[in-house]
Amino acid sequence: MDRDDLKRQVETLRYHKSIERIPVSEAIRRLIEFIDEKMPEDGLVVTPDKKKNPWAENRKCAIL
């Protein structure tokens, strides 16, 4: 390894050291809060209103 590789490795290690670490229990709590907060807006969880749905078909298939 040359000097530049070692400098990059040290910079990478310093960056990883500076990242905020939290316990898994705290991360799970934050994730659950985020999911609960975003769930009412999620179209896959809550059925969207048919009047406001821009992808809803206006009529039945004419072939059948």
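This tour proceeds from the whole chain to its helices, its salt bridges and a nonpolar surface patch.

**The whole chain**

Please begin with the entire chain in view, bearing in mind that the model is predicted. Colouring by secondary structure shows two helices and zero strands. The radius of gyration is 25 Å, well over the 11 Å that the globule rule gives for 64 residues, so the protein is more spread out than a compact globule. Along the principal axes, the C-alpha atoms fill a box of roughly 70 × 35 × 20 Å.

With a surface display switched on, the protein exposes about 7000 Å². Carbon and sulfur atoms supply 57% of that area. What share of the 64 residues is buried? Buried residues make up 0% of them.

The charged residues may be selected next. There are 14 positive and 13 negative charges in the protein, and the mean positions of the two groups lie 3 Å apart.

**Helix H1 and a long distance**

Next, select residues 3-18, which form helix H1. Within helix H1, please pick out Leu 13. Is Leu 13 buried or exposed? Its relative accessible area is 54%, and because the cut-off for exposed is over 50%, Leu 13 is classed as exposed.

Keep Leu 13 selected and add Glu 57, which stands 44 residues away along the chain. A distance drawn between the C-alpha atoms of Leu 13 and Glu 57 reads 54 Å.

**Helix H2 and its salt bridges**

Move now to residues 24-38, helix H2. How many salt bridges does a search of the whole structure find? The search finds five, and the following stops visit some of them.

Select Glu 26 and Arg 30 and show their side chains. These side chains meet in a salt bridge, with 3.1 Å from N to O. Both residues belong to helix H2 and are four residues apart, about one turn of the helix. Arg 30 is partly exposed at 39% relative accessibility, and Glu 26 is likewise classed as partly exposed, at 23%.

Select Arg 29 and Glu 33 next. Their side chains form a salt bridge with an N to O distance of 2.4 Å. This pair also lies in helix H2, with four residues, about one turn of the helix, between one position and the other. Arg 29 has a relative accessible area of 39% and is partly exposed; Glu 33, at 44% relative accessibility, is partly exposed as well.

Now display Glu 26, Arg 29, Arg 30 and Glu 33 together. A network of salt bridges links these residues.

Proceed to Glu 37 and Lys 38, whose side chains meet in a salt bridge of 4.0 Å, N to O. Lys 38 is partly exposed, with a relative accessible area of 34%, whereas Glu 37 is exposed, at 52%.

**The nonpolar surface patch**

For the final stop, select Leu 31, Phe 34, Ile 35, Met 39, Leu 44, Val 45 and Val 46. Together these residues make a nonpolar surface patch of about 700 Å².

Within this selection, where does Leu 44 lie? Leu 44 is found in the segment after helix H2. With a relative accessibility of 82%, Leu 44 counts as exposed.

Conventions: Residues are numbered from 1 along each chain as its sequence is written. This is a predicted model: local features need pLDDT of at least 70, side-chain atom pairs count only at pLDDT 80 or more; totals for chains, interfaces and linings use all residues. Side-chain values use heavy atoms; hydrogens and water are left out. Patches are made of residues with over 30% relative accessible area and no salt bridge: like charges are joined within 9 Å, nonpolar side chains (Val, Leu, Ile, Met, Phe, Trp, Tyr) within 5 Å. Accessible areas come from the Shrake-Rupley method with a 1.4 Å probe; for residues, only the protein chains shown count as cover. Buried means under 20% relative accessible area, exposed over 50%, partly exposed in between (1.4 Å probe, protein chains only). The radius of gyration is taken over C-alpha atoms; the globule rule is 2.2 Å times the number of residues to the power 0.38. Lys and Arg count as positive and Asp and Glu as negative; His and the chain ends are not counted. The place of a charge is taken as NZ of Lys, CZ of Arg, CG of Asp or CD of Glu.
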